[in-house]
Amino acid sequence: MPIDREVISRLLTRVERPARYAGGELHAITKDWRRTRVRLALAYPDVYEIGMSNLGLALLYDTVNQLPWALAERVYAPWDDMAQAMAEEQVPLYSLETFTPLSQFDVVGFSLQHELTYTNILSMLSLAGIPLVAERRTEDAPLVIAGGSGAYNPEPLARFFDAFFVGEGEEAIVDLLSQVDRAKAAGWDRPTLLRDLAEIPGTYVPALYDAAPADDGTRIPHAAATTVPQRITKRITTALPPVPTRPLVPAMRVIHDRAMVEIQRGCSHGCRFCQAGMIYRPIRERPVDEIVDAVDQILANTGYDEVSFVSLSSSDHSGIGELVAETLQRHNAHGVGVSLPSLRTDAFSVELAESIQQTRKSGLTFAPEAGSQRLRDVINKGVTEQDLIETASAAFGRGWNRIKLYFMLGLPTETDEDALEIARLITTIRDLGRKLRGRRVEISVSLSTFVPKPHTPFQWEPLASQEDIVRRQRLIRERAGGRGIKLSWSDWDATWLEAMISRGDRRLGLVIQTAWEHGARFDAWQERFRPEIWREALAACGVDANWYVDGRVAGQPLAWSHISAGVTEAFLLRERQRALQGVVSPDCRQQCHACGILTALGERYAEAAQRAAWECP
Amino acid sequence: MSMLTTVMQRVRVVFAVGWPLQYASILDMGRLWERLLRRAELPLAYTQGYNPHARLQFADALPVGYTSACEMLDIYLGEPVDLEELPDRLQTQAPPGLGIVSAAEVALDAKAPQSLMREAVYQVYLRTDCQAAEIAAALSTLLQRTSIPFERERRGRVQSLELRELIHDLGYVSEDPPSHEVHMRLRCGSNGSGRPADVLDAAGLTYTDLRVHRTQLIWEERLS
């Protein structure tokens with residue numbers, strides 16, 4: 001039974017930004033529960049404004065709602081005021097489409113994009129009245145599953161989820177819901193359903209894997225039965241799925257308040273720190289005419305005045321110039337702008353940026369990531385200082401006053417010298433800008449801290465020490481502060497927690513739960529983050545935080561060894577070796593580095609691979 | 001083809017706001033209308049300059065949470081459109097919670113609607129344990145006062161105002177326990193607007209839930 005709208009509207013008079021909880025957006029899909037057999041709640045463990053900007057969930061929403069026998073509704077994490085109001089009035093967490101309590105859905109599926117949102121999952125389950133721990137869920141509780149980049153190391157959350165889905169979910173979600181449909185018809189026996197789900201490629205059911213403590217206390221999962229795979233290999237869609245052309249248009253402002261079209265999946269640069277670059281292989285481009293057509297339809301259906309061409313590296317799309325020109329030609333008269341979220345550092349990108357910003361010059365963003373050539377070679381960021389200077393000159397020359405630069409501190413092999421090189425580089429660019437543009441020039445510099453991520457060549461590397469990071473931040477501040485340069489850096493404690501959970505094992509489940517029980521919420525929000533809760537939770541659970549952020553020994557099993565992103569450990573080790581030797585690996589569209597993706601997925605997706613749609617040479 | 005910048009026609013649209021649009025802020029409303037008009041493919045006139053945007057003028061910002069039968073918006077068009085079919089054209093593209101009431105042409109040089117706003121009429125529904133007679137008495141006592149000094153807190157800032165000037169009429173209407181309906185005619189516009197919640201506070205009435213529905217905007221031309 002849905003919750004009465006009157007009840008919800010009484011809650012909404014008490015909270016900030018009530019539009020977050022009211023639903024009813026343009027193009028929201030409300031299907032009849034009596035005419036559908038399987039009901040999925042798509043959950044995002046952060047506030048509405050962030051969750052609504054997630055393209056992956058929008059794709060799944062569209063896919064599932066196109067099935068005549070299934071429906072998908074949405075739910076986001078209520079902010080503290082709403083969570084409190086709901087608890088006080090005993091209103092359970094509900095979906096935005098029909099105000100149905102989450103506990104009445106067959107499946108609740110969470111999107112895992114960021115480790116610091118994990119406590120919000122527990123808040124949401126708790127508000128929904130669904131038992132937090134998977135093994136305590138009784139027959140009538142929904143199946144609680146998760147997907148997204150976080151599922152590539154599911155262990156810290158294994159305690160809470162019935163199943164994880166590894167890889168691209170557009171096809172797999174249909175397999176999974178079909179299985180649920182059959183289970184419902186057969187009388188819904190939870191243990192049987194879990195065993196059946198484990199047979200769907202890409203699905204990991206933690207309950208079917210033992211993770212007994214090893215001698216050093218670590219817990220590595222092993223398949224407990226021969227019927228489930230020892231390794232779960234990610235699934236992909238062979239070609240990019242059709243663009244949803246009737247996306248939801250929220251009334252309130254959200255983070256990405258514009259039309260979004262995914263133009264490419266995967267990235268061929270092979271930056272060694274980058275998890276997305278490793279897990280989203282192979283590269284798949286959407287054809288220009290398909291994009292142009294989708295843009296026409298989305299703009300007509302939404303009335304947006306901006307379209308964003310989403311990909312990991314927009315300037316890499318082979319038809320990007322044509323695409324931008326065509327889009328502007330068709331829609332510029334109606335005031336439509338184009339945005340490209342990730343530009344390569346080169347003159348071509350500046351040209352592209354200029355073509356889309358004919359009137360307003362907001363700011364240009366580039367990511368050299370490291371200050372010295374040596375270190376950029378280590379991380380395989382194929383950008384030279386000359387590239388950067390030329391790009392900056394081109395940008396200043398074409399009228400930009402503001403440039404934003406992203407750097408990381410704490411990369412493997414980094415020394416204070418490398419940090420000093422960052423300071424030198426940004427000062428050089430500021431001075432160049434002043435020469436070309438005068439004193440209005442502003443260089444924004446973001447100094448984040450490198451977090452070693454699973455499935456990358458740096459997955460064995462330690463997190464840098466707080467002492468090193470703080471000292472290097474200071475070195476840069478001392479040398480590159482002042483007029484025309486705006487520095488920002490990430491909070492150490494948040495980095496530390498992200499690093500710990502990123503490479504965490506099953507022991508962290510209890511730590512996450514303990515932290516949540518002591519009030520950890522919205523840890524990604526600086527004003528809400530309380531690191532002391534986490535330190536206390538670690539101590540209470542007898543878990544040594546250092547083990548998680550220290551380096552790992554290559555060859556020993558890792559907590560995510562049972563999950564395969566399609567790239568082999570041998571490749572990751574080779575890339576790591578080359579990194580330590582300072583040897584770059586060129587763009588893999590030019591030269592294959594045998595990452596393993598063709599072997600891992602080539603057979604299953606032979607036809608698509610042969611059509612060379614993946615652009616593997 | 002470039003963007004239209006010369007205004008050829010000015011259209012005044014009256015629209016109703018219901019669930020869930022009552023939770024949209026005035027900024028949300030501006031974006032929402034611009035998108036609606038683009039979906040309806042109206043020949044909007046855009047402002048000139050570095051950041052062109054459609055020219056839209058609301059008569060008044062409807063406070064977040066209020067529903068309304070009578071919001072008003074002036075739209076500036078670069079080419080004249082058929083007014084007869086305009087309401088349907090807009091309604092087809094309207095998001096849930098937005099109802100088009102009417103659309104009529106106004107002179108290009110007519111005064112901006114927000115400068116003409118004088119009063120707004122509200123149906124106010126409060127859930128309370130108070131009895132009907134109690135509420136009616138409190139309201140009429142308030143209306144008989146010649147001065148009502150009032151402090152209003154908004155976003156952490158306290159503002160002192162003379163509430164009496166903002167109340168033009170007030171009265172108890174009917175009950176549907178535990179809900180009671182109250183009628184209010186309050187000043188509205190650039191010289192300050194009365195808020196139904198403030199009026200109830202000043203009358204010493206407490207409630208567990210408050211619903212406000214705006215039924216009429218009264219502007220200068222209509223007053224005279």
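A residue is counted here as buried if 20 or more other C-beta atoms lie within 10 Å of its own. By that criterion, buried residues make up 48% of the 617 residues in chain A of this predicted model.

Begin with the whole of chain A in view. The chain holds 22 helices and 19 strands. Its radius of gyration is 24 Å, close to the 25 Å that the globule rule gives for 617 residues, so chain A is as compact as a globular protein of that length. The C-alpha trace spans about 70 × 65 × 55 Å along its principal axes. Among contacts with a separation of 6 or more, 76% join residues 24 or more positions apart.

Next, select residues 107–111, which form strand 3 of chain A. This strand is mostly covered, with five of its five residues buried. In a regular strand, side chains alternate between the two faces of the sheet. On one side of strand 3 are Val107(A), Gly109(A) and Ser111(A), and on the other Val108(A) and Phe110(A); both faces are covered.

Add residues 38–44, strand 1 of chain A. Strands 1 and 3 run parallel and are joined by four bridges. Centre the view on Val108(A), which is the bridge partner of Ala41(A).

Now add residues 143–147, strand 4 of chain A. Strand 3 pairs with strand 4 in the parallel sense over five bridges. Within strand 4, Val144(A) is the bridge partner of Val108(A).

Finally, select residues 118–128, helix 5 of chain A, and trace the backbone. The chain passes from strand 3 through this helix to strand 4, a right-handed β-α-β crossover.

Note on methods:
Residues numbered from 1 in each chain as written. Chains lettered and ligands numbered in written order. Predicted model: local features only at pLDDT ≥ 70, side-chain atom pairs only at ≥ 80, totals over all residues. Buried ≥ 20, exposed ≤ 12 C-beta atoms within 10 Å, placed from the backbone. Helix = DSSP H or I, 4+ residues; strand = E, 2+ residues; numbered from the N terminus. Pairing = 2+ DSSP bridges. Right-handed = clockwise from strand over helix to strand, strands pointing away. Rg over C-alpha atoms; globule rule 2.2 N^0.38 Å. Contact = placed C-beta atoms within 7 Å.
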